[in-house]
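Please look over the sequence and the structure shown here before reading the report.

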Amino acid sequence: MDNWKQRFVRRIIHLRVYVVLLCILISAFFLFSLRDLTVETHLEDFLPQKHPFIQVQHRLIDTFGGLNQVSLALETEKEDIFNQNFLDKVVRLTEDLYYLEGVNISRINSIASRHIKHVTADEEGFFVERLLRRAPDSWEEMERLKERIKMNPDVYGKMVSKDLKSTLIQVDFESDVKTSYIFDNLQELKNKYEDKNTHLYIAGRPVLEGWLNFYLPRMFFILGISLLIIAVFLYLTFRSKRGVILPLVDSSMATLWGLGAMQMFGLRIDPSTILVPFIILSLGISHSVHTLKRYYEEMKEPGKKSKHAIVSTMSHLLIPGAACVLTDGFGFLSLLIVPLATIRSMALASGLGILANFVTSFMFTPCLLSWMRKPKILEIEREESHKWVDGFLAKLSIFSLSKRAGTIVVGIFLLICLVSVFGLRRIVVGDNTEGTSYLYSDSPYNQSEEFINSQFGGTSSYYIFVESDDSLFEADKLKLIDKFQSYLMDEVPQAGSSLSVANAVKALNMFMFDGRQQYYSLPQDDDTIRQYWFLYTLSAFPGDYDYLISRDECLSNIKFDFRDHRSETIDLTVDKTESFFNKHRHDSLEFSYGGGDIGILYAVNDIIRRTIIPNILFIALLIFVYVSLVYRSYVAGFILLLPLFISNLIVFSLFGFLGTSITTEVLPLASLSGGLGVNYGIYILARLCDEIKEKKTTYKNILHNTLITSGKAVFFSGFIVAAGIAVWAFSSIRLQANLGFNLCLALILNMVTSLLMIPVMVWWIKPAFLFGRARNRLKRIKKVTI
């Protein structure tokens, strides 16, 4: 008598015309919806909008304009920058930046900027003029400019390098300006002003994102090679056209559905989430390999029709397949709790695409197979011709039943767990390199960052938002701001420079005393400070200091530049900031931190720290509960979770040993690794259950048959996907290479632990859900002759 699974599959096959047509129509709809799909990086997609630091960032932007910083360093090969040709380039480059769309004009800082002034004082007040309006055309003017630059602590060392061979220009863009626009225009300026004697180095978050967009074709090329390798190994596995075409078609269909759903929800795909299609494809191929392996196994019976083989195949795989798809899909959807738009896009596209795998792998593909002619006996024999795999799995089944197997396996994995603890303790959340970990150290971007960080204050900004009940131009308020600047510069080694309204007042005091640097300090009384500021505003342009203080003099910012954005530097900076303001308070001042690159990265790292463990635990709980319900046994959940726990422990410990940092791009690795790992275990456990129900004489035969059927499918599905991903290690993009290595390692470890540990644990525990609950049944199995 047919069970409900067979009736369900027969119904699907009966309606196969409608099922296939419906899948094609849905695919066509999603394909049409993807016609406008663009891969574009938007800074706000990387920001946890509700994090306190991001709220400070928004307040800074609302008050002082966009803070999306880019640093440009112009270097000369000649003796120094004080030659007419080079300075003319500085002037023209600075002016070109003013004309870019979305630029924050008040935050273009260059020796040729309109608000960078030289000040002289006399009995009538201050005389204010631009530091560099045009390139000097005489030796006297050039020497005067050099003297003015070297006397000003806010210019010399900050905008002009100490060796006088390069100058720094910093420009901020509004947050809504497209990365591609910024990158393309800056590259045009680079081509315009570089020559054999002049080099232009460009760094900053928008530029990095632009380089990632630039490298996208290479990423797609690597993904194309991965797909080709997977197709080759599918052919070597099945030795048939259907064995290649069907897995790729149904997996691609699920991928299309996932991306289409993401587009419908208004979410974007960017370079850091470009691997989403491959995630769905990998899981879909894993299911297809199991389906086809079981199908060929069923077709070995003489006279069996393709339709009957499909019914038998899918009735056996329906429950484990549904378990795999649901745990995988909801595991990825759990990433929706991460408050980052880029991760939510990945979670939604991957989760819905994986859930679609149930339709494509367990409905669409079986319907197509039911129409196909019966495979020739030669095709079936070719599919089963992997004798070396059968031999390896047969030896593995014998080893699993030996008395020493349990002791050896448990001992090895306990040792691995012990060593892994040391690796876990070395894990770093956030970037762990001086440049960017997305690209190799010899990439143009990292070389630019290295140069700017070595010659100037740095490329990573950090802002403090300052609010006052009344005017900030009071001695005690400015002294507290200045004290904090000095404190952070002393306490954080990577802090390269700082700037605030206190610097402006100190500079005015210095100019009042003929530019003598010993007077670069704050006046002691409020009246002098207010007089300086009043006299300056009489002679200067009204908006000269809009980038530092609001017109009502109640809002200001303190800016630091750091020479790296490593996690260690970020954490130390925030800790020292918090420590200072806990000890030093002012009744009329409120300090809010932290904005800029350092504040943003701290917020992102904070989100990762707070979500990665709950996410992994949620996936584990989901797997445990669902598997326990399917098999009506908590032991089943434990048997599947233990290998998964060990393989993930090894993978994440290697992150620590190899110095690979945990970033937003690594979060989906836990979901994918867990998904594929539990898939392998579910299919092996399901086949064991089927074999035991057929009442084989000995557990040796049961295990042997399980491993050379489902075990072989696990081996090939893991090997096929791992081989495709392994090619990523040769990518010129470090992000893709690291993800490829870690994913490949995770797949292999999950495959090995599933094949090795599950048979051993089943033999050791002899769970009731497999062997029956009656004591006499357990006793009889224990007496089986191996």
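The report below covers the model itself, one helix, the nonpolar cores and one further residue.

## About the model

This is a predicted model, in which local features need pLDDT of at least 70 and side-chain atom pairs count only at pLDDT 80 or more, while totals for chains, interfaces and linings use all residues. Residues are numbered from 1 along each chain as its sequence is written, and side-chain values use heavy atoms, with hydrogens and water left out.

## Helix 2

Helices are DSSP runs of H or I with at least four residues, numbered from the N terminus. Helix 2 (residues 16-33) has 18 residues, which at 1.5 Å a residue (taken times one less than the number of residues) should span 26 Å, and its end C-alpha atoms are indeed 26 Å apart.

The buried residues of helix 2 (buried meaning under 20% relative accessible area, exposed over 50%, partly exposed in between, with a 1.4 Å probe and protein chains only) are R16, V19, V20, C23, S27, F30 and S33. Seen down the helix axis, these buried residues fall within an arc of 150° (judged by the directions from the axis to the C-beta atoms), so they line one face of helix 2. On the other side of helix 2, Y18, L25 and F32 are exposed.

## Nonpolar cores

A nonpolar core is a set of buried Ala, Val, Leu, Ile, Met, Phe, Trp, Tyr and Cys residues joined through side-chain atoms within 4.5 Å. The largest one holds 243 residues, of which L186 and L685 touch the most other members, and its largest share, 16 residues, comes from helix 25 (residues 734-765).

## Residue A620

A620, found in helix 21 (residues 596-631), is partly exposed, with a relative accessible area of 24%.

Conventions: Helices (H or I, at least four residues) and strands (E, at least two) are DSSP runs, numbered from the N terminus.
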